[in-house]
Amino acid sequence: MAVLDRVGVHDAQPFISGGDGSYDLQLNRFLRELPSWGVRAENSVLRYARDVMLFVRFLETSRYGKSIWGCDGDDLRAYKRVRLWCGGPGAVSVGTWNRSVAALDKWVAWSLDAGLL
């Protein structure tokens, strides 16, 4: 608990673990810092965390175990085909897709600012 307190994790703070149970320190730092990047509402932080987590899982399961830190435009286009155009239980509305892109865009901006990309 002391470690979580030291890095500013509060109750109900979302976090993402890898498919193998690993903890991506930088990705989870992004989630903790979302309020300082203009995503202040708790529900918005939760939705952004879910959107990023779904992309991470897509990369792991459908893009040969690729990490979010190594993704590219081809990966995003493949994700869009699956989530927006293929139909079925995983399909989303355009509005939900736009929010997902906003979450990923925020992650890219944060990552560039942090010198990680």
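Leaving aside neighbours within four places in sequence, Asp75 is in contact (heavy atoms within 4.5 Å) with Phe55, Phe58, Leu59, Arg63, Lys66 and Gly70. The structure is a predicted model, in which local features need pLDDT of at least 70 and side-chain atom pairs count only at pLDDT 80 or more, whereas totals for chains, interfaces and linings use all residues. Residues are numbered from 1 along each chain as its sequence is written, and side-chain values use heavy atoms, with hydrogens and water left out.

Asp75 is located in helix 4, which spans residues 73–85; helices (H or I, at least four residues) and strands (E, at least two) are DSSP runs numbered from the N terminus. With a relative accessible area of 1%, Asp75 is buried. Here buried denotes under 20% relative accessible area, exposed over 50%, and partly exposed the range in between, computed with a 1.4 Å probe on protein chains only. Two of the contacts of Asp75, Arg63 and Lys66, reappear in a network of salt bridges that links Arg63, Lys66, Asp72 and Asp75. A salt bridge is defined as a side-chain nitrogen of Lys or Arg within 4 Å of a carboxyl oxygen of Asp or Glu. Within this group, the side chains of Asp72 and Lys66 meet at 3.8 Å, N to O. Asp72 is partly exposed at 37% relative accessibility, and Lys66 is likewise partly exposed, at 26%.

The structure holds seven salt bridges. Side chains of opposite charge can pair when their charged atoms come close. One such bridge joins Arg99 and Asp51, with an N to O distance of 2.8 Å. This pair links distant parts of the chain, as Arg99 belongs to helix 5 and Asp51 to helix 3, 48 residues apart. Asp51 is buried, having a relative accessible area of 1%, whereas Arg99 counts as partly exposed at 24% relative accessibility. A further bridge connects the side chains of Arg57 and Glu60 at 3.6 Å, N to O. Because these two residues are three residues apart in helix 3, Arg57 and Glu60 are separated by about one helical turn. Both ends of the bridge are partly exposed: Arg57 has a relative accessibility of 24%, and Glu60 has a relative accessible area of 27%.

The nonpolar interior was examined next. A nonpolar core is a set of buried Ala, Val, Leu, Ile, Met, Phe, Trp, Tyr and Cys residues joined through side-chain atoms within 4.5 Å. The largest such core has 24 residues, and those with the most contacts inside it are Leu27, Phe30, Leu34, Val52, Phe55 and Ile68. Two or more residues are given to this core by each of helix 2 (25–33), helix 3 (42–62), helix 4 and helix 5 (94–113). Helix 3 provides the largest share, eight residues. When residues up to four places away in sequence are not counted, Leu27 touches Ile16, Val52, Val56, Ile68, Trp69 and Trp107.

Leu27 also takes part in lining the largest pocket, together with Ile16, Ser17, Gly18, Asp20, Ser22, Asp24, Val56, Glu60, Lys66, Ser67 and Ile68. On a 1 Å grid over the protein atoms alone, a cavity is a set of points where a 1.4 Å probe fits but cannot get out, and a pocket is an open set with protein on both sides within 12 Å along at least five of seven lines; lining residues have an atom within 4 Å of a point. The volume of the largest pocket is about 160 Å³, where grid points are joined across faces, edges and corners and the volume is the space filled by probe spheres set on the points. By class, the lining has four nonpolar, four polar and four charged residues, with Ala, Val, Leu, Ile, Met, Phe, Trp, Tyr, Cys and Pro counted as nonpolar, Asp, Glu, Lys and Arg as charged, and the others, Gly among them, as polar.

Several remaining features concern the loops and helix 4. Tyr64 lies in the loop between helix 3 and helix 4 and is exposed, with a relative accessible area of 82%. Although Tyr64 is not a glycine, its phi is positive, at about 60 degrees. Cys86, in the loop between helix 4 and helix 5, counts as exposed at 56% relative accessibility. The C-alpha atoms of Cys86 and Asp20 are separated by 27 Å, the two residues being 66 residues apart along the chain. Arg81 is placed in helix 4 and is partly exposed, with a relative accessible area of 43%.
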